[in-house]
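Got your viewer open? Let's take a walk through this protein, starting with the whole fold and ending at a single side chain.

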Amino acid sequence: MDTLTQTSSERRERAIAALAEKPDGVIEQIAAKAEVTPAEVLSVLPEGAAVVVPAQQWERIWTDLSSWGEILMIVHTEDIVLEVEGRLPDGSEGHGWFNIHGDSPIGGHIRKERCVSIAFVDRGFHGRRSCSVWFMNADGKAMFKVFVRRDKERNLLDEQVKRFETLRAALV
């Protein structure tokens with residue numbers, strides 16, 4: 001059965017079953033196992049674990065994230081999981097792109113118009129709490145994710161957790 005003939009309830013059931021097998025696993029791996037999108041897996045997380053806001057909040061969210069200090073940005077595709085630590089630079093729009101440049105290893109050009117929603121994800125990941133902001137596209141995949149950093153003992157940075165929680169609460 002192809003995805004066009006599958007009902008949303010069948011896809012939802014597969015997402016729930018795959019998540020139950022590895023509730024603190026990698027969302028993209030859970031989605032692949034269930035043959036659903038990462039967005040569909042996020043939608044079946046326990047209440048409050050993935051709070052989704054409209055993409056129209058991009059500027060407000062980006063501006064706030066760029067004031068957090070060093071973050072961890074992850075781009076996860078089928079072929080690579082790219083992790084970059086650094087300050088999220090301010091961005092500007094030009095030539096059809098959201099351009100990010102500055103004194104940071106994070107830089108480049110984002111097709112901002114492909115972002116349809118932004119998810120604040122607060123869940124267990126391999127036995128530890130993880131907080132991240134996912135910029136989602138219409139394909140149900142994360143364009144990129146911004147994670148709260150950890151200290152040397154692998155604990156989340158308290159100040160960034162507070163910033164994450166405050167921003168999420170201000171948008172819902």
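Start with everything selected. What you're looking at is a predicted model. Before zooming in, look at the contacts: of those between residues at least 6 apart in sequence, 51% join residues at least 24 apart.

**Stop 1: the cartoon view.** Switch to cartoon and colour by secondary structure. You should find five helices and nine strands. Now trace the chain from the N terminus: the order is α-α-α-β-α-β-β-β-β-β-β-β-β-α. How compact is the protein? Its radius of gyration is 16 Å, close to the 16 Å that the globule rule gives for 172 residues, so the protein is as compact as a globular protein of that length. Rotate the C-alpha trace to see its extent along the principal axes, which is about 50 × 40 × 35 Å.

**Stop 2: the surface.** Turn on the surface display. The protein exposes about 9600 Å², and carbon and sulfur atoms supply 51% of that area. Buried residues, meanwhile, make up 45% of the 172 residues. Next, colour the charges: there are 22 positive and 27 negative ones, and their mean positions are 2 Å apart.

**Stop 3: the cysteines.** Hide the surface and select C115 and C131. A disulfide is a covalent bond between the sulfur atoms of two cysteines. How many disulfides does the whole structure have? A search finds zero. Try the distance tool on your two selected residues: the sulfur of C115 is 19 Å from the closest cysteine sulfur, the one in C131, and that is too far for a bond. For comparison, a disulfide calls for sulfur atoms within 2.5 Å. Seen from the other end, C131 is in no disulfide either, with the sulfur of C115 as its nearest at 19 Å. Are these two buried or exposed? C115 is buried, with a relative accessible area of 7%, and C131 counts as buried at 0% relative accessibility.

**Stop 4: L156.** Keep C131 on screen and add L156. Where does L156 sit? You'll find it in the loop between β9 (142-147) and α5 (158-171). Although it's in a loop, L156 counts as buried because its relative accessibility is 12%, under the 20% cut-off.

Now show the neighbours. Leaving out residues up to four places away in sequence, L156 touches R129, S130, C131, V148, R149, R150 and V161. Yes, that includes C131 from the previous stop. To finish, pick S130 from that group: S130 and L156 are 26 residues apart along the chain, yet 7.6 Å separates their C-alpha atoms.

Definitions and conventions
Residues numbered from 1 in each chain as written. Predicted model: local features only at pLDDT ≥ 70, side-chain atom pairs only at ≥ 80, totals over all residues. Heavy atoms only, no water. Helix = DSSP H or I, 4+ residues; strand = E, 2+ residues; numbered from the N terminus. Rg over C-alpha atoms; globule rule 2.2 N^0.38 Å. Buried < 20%, exposed > 50% of the residue type's maximum accessible area, 1.4 Å probe, protein only. Contact = heavy atoms within 4.5 Å. Areas by Shrake-Rupley, 256 points an atom, 1.4 Å probe, with all protein chains shown as cover. Lys, Arg positive; Asp, Glu negative; His and termini not counted. Charge placed at Lys NZ, Arg CZ, Asp CG, Glu CD.
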